[in-house]
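Student: I am new to this structure and would be grateful for a close look at one part of it. Please begin with a single residue and its surroundings, and then explain how that part relates to the rest of the chain.

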Amino acid sequence: PDFGMIAIFEISRRSIWFSTFDLSISLKSQKKLMDRWHSGNDLSELIRQTLKGSRVLGIGLLFQDDMKESDFNVMMDAGGYAPQMKLSDALRMYLKVPVIEDYSMHYTVTRALAEEETASCCAQIRLGTEVAASITADDQTIEILPSFCRSFLPEDADTAAEKDGLEGLMMSLCMMFPLACIFISSDSGRQKFNAGELENDLCSKLENDRPKVIFVDSRTSSDHEGMARWVRNELKFS
């Protein structure tokens, strides 16, 4: 466990997450580096700065499943011309460690709607520094005013008040639209609430409708653990 660490970077279209594991594949740390994604040289520099001073033995790169490999090519300065190099090859050259690439499946609202055949009308609520909500109906998106969302969820609300405010916002949306599903995500990557409890509380206040409450983008380490094991297996033969 003390010999060194494996670094896992997950790059999606909305964030970059960084996890570290020891060689027994115990999670040592996990945090969000960015609320947006970087490509090419910017991403290479971010990874190198993040790992500066660490005893890194191997790196895993998890890209969102609909991203293209060419989005992450690095431009190498070679005098009068700048040839392109794969990000993984550039990191191997700079850091002298094995680098493994793979793609991570992301449970997005679009994917969730494809699985929920009855969800012809749904709401999306995003919690965090800013509270946002929108309605999807007949392939059209209706944005809800941020001020309307914030009236239910003030910035200084504690956990209990935030839960009550979230239920109030969901209740209001259900009164305006015939919702089949409500998708909730969080900037922090970790949900404070239980989907089943929110769903039961909401449905107890509604007479006829029973919308399904689904959390998306919940951050778990399962993909990262699998990638760390893969990198460790590569290390055995390096």
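**From one residue outwards**

Tutor: Thr20 is buried, since its relative accessible area is 5% and the cut-off for a buried residue is under 20%. Please bear in mind throughout that the model is predicted. The residue belongs to strand E2, which covers residues 16-22. Its surroundings can be described by contacts, setting aside the neighbours within four places in sequence: Thr20 then touches Met5, Ile6, Ser26, Leu27, Lys28 and Ser29. A separation in space may be added to this list. Between Thr20 and Lys31, which are 11 residues apart in sequence, the C-alpha to C-alpha distance is 9.4 Å.

Strand E2 is followed by a loop that leads to strand E3 (27-34), and Ile25 is found in this loop. Ile25 is also buried, because its relative accessible area is 8%, below the 20% limit. Its backbone deserves attention as well. Most residues other than glycine have a negative phi. Ile25, however, has a positive phi, near 60°.

A second residue with this backbone feature is Lys96, whose phi is likewise positive and near 60°. Lys96 sits in the loop between H2 and E7. Is Lys96 buried or exposed? With a relative accessible area of 67%, Lys96 is exposed, because the value is over 50%.

The elements on either side of Lys96 bring us to the salt bridges, of which the whole structure has 7. One of them joins Lys86 to Glu101, with 3.1 Å between the closest N and O atoms. This pair connects distant parts of the chain, 15 residues apart: Lys86 is in the loop between strand E6 (84-85) and helix H2 (87-95), while Glu101 is in strand E7 (residues 99-104). Both partners are partly exposed, Lys86 at 28% relative accessibility and Glu101 at 22%.

Another salt bridge is formed by the side chains of Asp89 and Arg92, at 2.6 Å from N to O. Here the partners are both within helix H2, separated by 3 residues, or about one turn of the helix. Asp89 is partly exposed at 32%, and so is Arg92 at 33%.

Further along the chain, a salt bridge is made between Lys163 and Glu197, whose closest N and O atoms are 3.4 Å apart. This pair, too, connects distant parts of the chain, with Lys163 in helix H5 (residues 159-176), Glu197 in helix H6 (residues 195-205) and their positions 34 residues apart. The accessibility of the two partners falls into separate classes: Lys163 is buried at 18%, whereas Glu197 is partly exposed at 40%. The 20% cut-off explains the division, because a residue under that value counts as buried and one between 20% and 50% as partly exposed. The pair also takes part in a network of salt bridges that links Lys163, Glu167, Glu197, Asp201 and Lys205.

How are the helices that carry Lys163 and Glu197 arranged? Two packed helices are described by the angle between their axes and the distance between the axes. For H5 and H6, the angle is about 50° and the axes are 10 Å apart. The helices are therefore oblique to each other, and their crossing is right-handed. On the H5 side the contact consists of Lys163, Leu166, Glu167, Met170, Met171 and Cys174, and on the H6 side of Glu197, Leu198, Asp201, Leu202 and Lys205. Sorted by class, these are 6 nonpolar and 5 charged residues, with no polar ones. The residues of the salt-bridge network, Lys163, Glu167, Glu197, Asp201 and Lys205, are included in this contact.

Finally, these parts may be placed within the whole. The protein chain contains 7 helices and 12 strands. Of its 238 residues, 45% count as buried, and Thr20, the starting point, is one that is buried. Among contacts in the chain with a separation of 6 or more, 62% are between residues 24 or more positions apart.

Conventions:
Residues numbered from 1 in each chain as written. Predicted model: local features only at pLDDT ≥ 70, side-chain atom pairs only at ≥ 80, totals over all residues. Heavy atoms only, no water. Salt bridge = Lys/Arg side-chain N within 4 Å of Asp/Glu carboxyl O. Helix = DSSP H or I, 4+ residues; strand = E, 2+ residues; numbered from the N terminus. Buried < 20%, exposed > 50% of the residue type's maximum accessible area, 1.4 Å probe, protein only. Axes fitted to C-alpha atoms, helices over the stretch in contact; angles between N-to-C directions. Parallel < 35°, antiparallel > 145°, perpendicular 65-115°, else oblique. Left-handed = near helix turned anticlockwise from the far one by under 90°. Contact = heavy atoms within 4.5 Å. Nonpolar A, V, L, I, M, F, W, Y, C, P; charged D, E, K, R; others polar.
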